[in-house]
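This briefing addresses two topics: the cysteines and one helix with its surroundings. Please consult the sequence and the structure shown below.

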Amino acid sequence: MKIHEFQAKKIFSDYDIPVPDGETAKTPEAARKIAEKLGCPVVVKAQIHAGGRGKGGGVKLARTPGEAFAVAGQILGMNLVTHQTGPEGQKVKQVLIEKGQAIEKELYLGIVVDRAQGCPVIMASEAGGMEIEEVAAKTPEKIIRAAVDPAIGFSGTHARKIAYGLNLDAALIKPAGKIIAGLYRIFTQKNCSLIEINPFVITRDRQLLALDGKINFEDDALSRHPDIKALYDPDEQDPLELEASKCGLNYIKLDGNVGCMVNGAGLAMATMDLIKLAGGEPANFLDVGGGASAEQVENALKILLMDKNVKVVLINIFGGILRCDRVAKGIVQAVKDIDLHLPMIIRLEGTNVAEAGQILETSGLDLEFAANFDEAAQKVTQHARA
């Protein structure tokens, strides 16, 4: 689960990580009043769950309360497009008004789970303000890493490695260590999957500030954190992903035109890879799970067809716990309930596959079948290009 910048900064403050003074506004007039209260200049920042807001016109400086009113009026209601929103963009419904800062240097500070090492890794870089992926690709030597063994825990050694690696002045080493320690406490105590401060700035008066904040939480741990779960903003989730979550389906919308329904995350990833290798573009990741009912299969198919970009549907099922005949019944019911006007390719293997074939062949529906993985990928790609 993702949260907004202003929510992340509230958590930062609770852990004594310094952030700029600021408040949120949902109207230009509210933005003007906040600017008057804080004192100008202020920065008006669109609050959406995506990076790259500044490049998309979602972060602007205002030197007077009147400018804050005008800038907020431009940003609120805009469809902000960044490299993380996709071409459809995201509508801005609120802005964060923050006191402007005199910045001397921008740094990067974050924590992720390194699955290869099996532990959290603290990362930092002097190349703040840039996407860390870009830094890793172009100048990997600029990234400092400190892995934290969960059995031993965080120590001052980790903090000092990062602080000294950032070439901070001696006077900033101790406050930086406290910020790093606070960030790690948030990461572990709140069950985060990612936490970032970018940029992590040094101001001209030699203070350290979290000028931006991003936190992602593990969905499976939200039951332990009702306070975090309450921060969820359904307006920031893709409508199809939201609908899928209500049906208990694992669905992520992508930019392609081949709708995929698969059981099992590994098979779903392999299916998308094969579609790409065949020259096609998957429209989604959709794992109906091992124990899906015929009703869930029907719901999954309906969600696939709600995506206007989908030109062909591929159903790729390996029947184990999820029997093939159950899938077949869900397909038949879904197609009868909706106006299916797209080609559908079906590849089934596993438990009760013969029974499933009988159900589909006697259904009277216009369906195509594939004997194997490669044939399925080739067929859907040909239809997508037609």
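**Cysteines and helix H9**

Cys192 is buried (under 20% relative accessible area with a 1.4 Å probe, protein chains only; exposed is over 50%, partly exposed in between), its relative accessible area being 5%. The model is predicted, so local features need pLDDT of at least 70 and side-chain atom pairs count only at pLDDT 80 or more, whereas totals for chains, interfaces and linings use all residues. Residues are numbered from 1 along each chain as its sequence is written, and side-chain values use heavy atoms, with hydrogens and water left out.

Cysteines
- Cys119 is likewise buried, at a relative accessible area of 8%.
- The cysteine sulfur closest to that of Cys192 belongs to Cys119 and lies 16 Å away, too far for a bond.
- With a disulfide defined as a pair of cysteine sulfur atoms within 2.5 Å, the count is 0 disulfides.

Helix H9
- Helices (H or I, at least four residues) and strands (E, at least two) are DSSP runs, numbered from the N terminus.
- Helix H9 has 13 residues (265–277), and its end C-alpha atoms are 18 Å apart, in agreement with the expected 18 Å, which is 1.5 Å times one less than its number of residues.
- Leu267, Ala268, Thr271, Met272, Leu274 and Ile275 of H9 are buried.
- These residues lie on the same side of H9, because they cover an arc of only 160° around the axis, taken from the directions from the helix axis to the C-beta atoms.
- Gly266 and Leu277, on the other side of H9, are exposed.

Surroundings of H9
- The cover over the buried residues of H9 includes strands S14 (258–262), S15 (284–287) and S16 (312–319), and helix H13 (373–385), with contact meaning heavy atoms within 4.5 Å.
- Gly279, just after H9, adopts a positive phi of about 95°.
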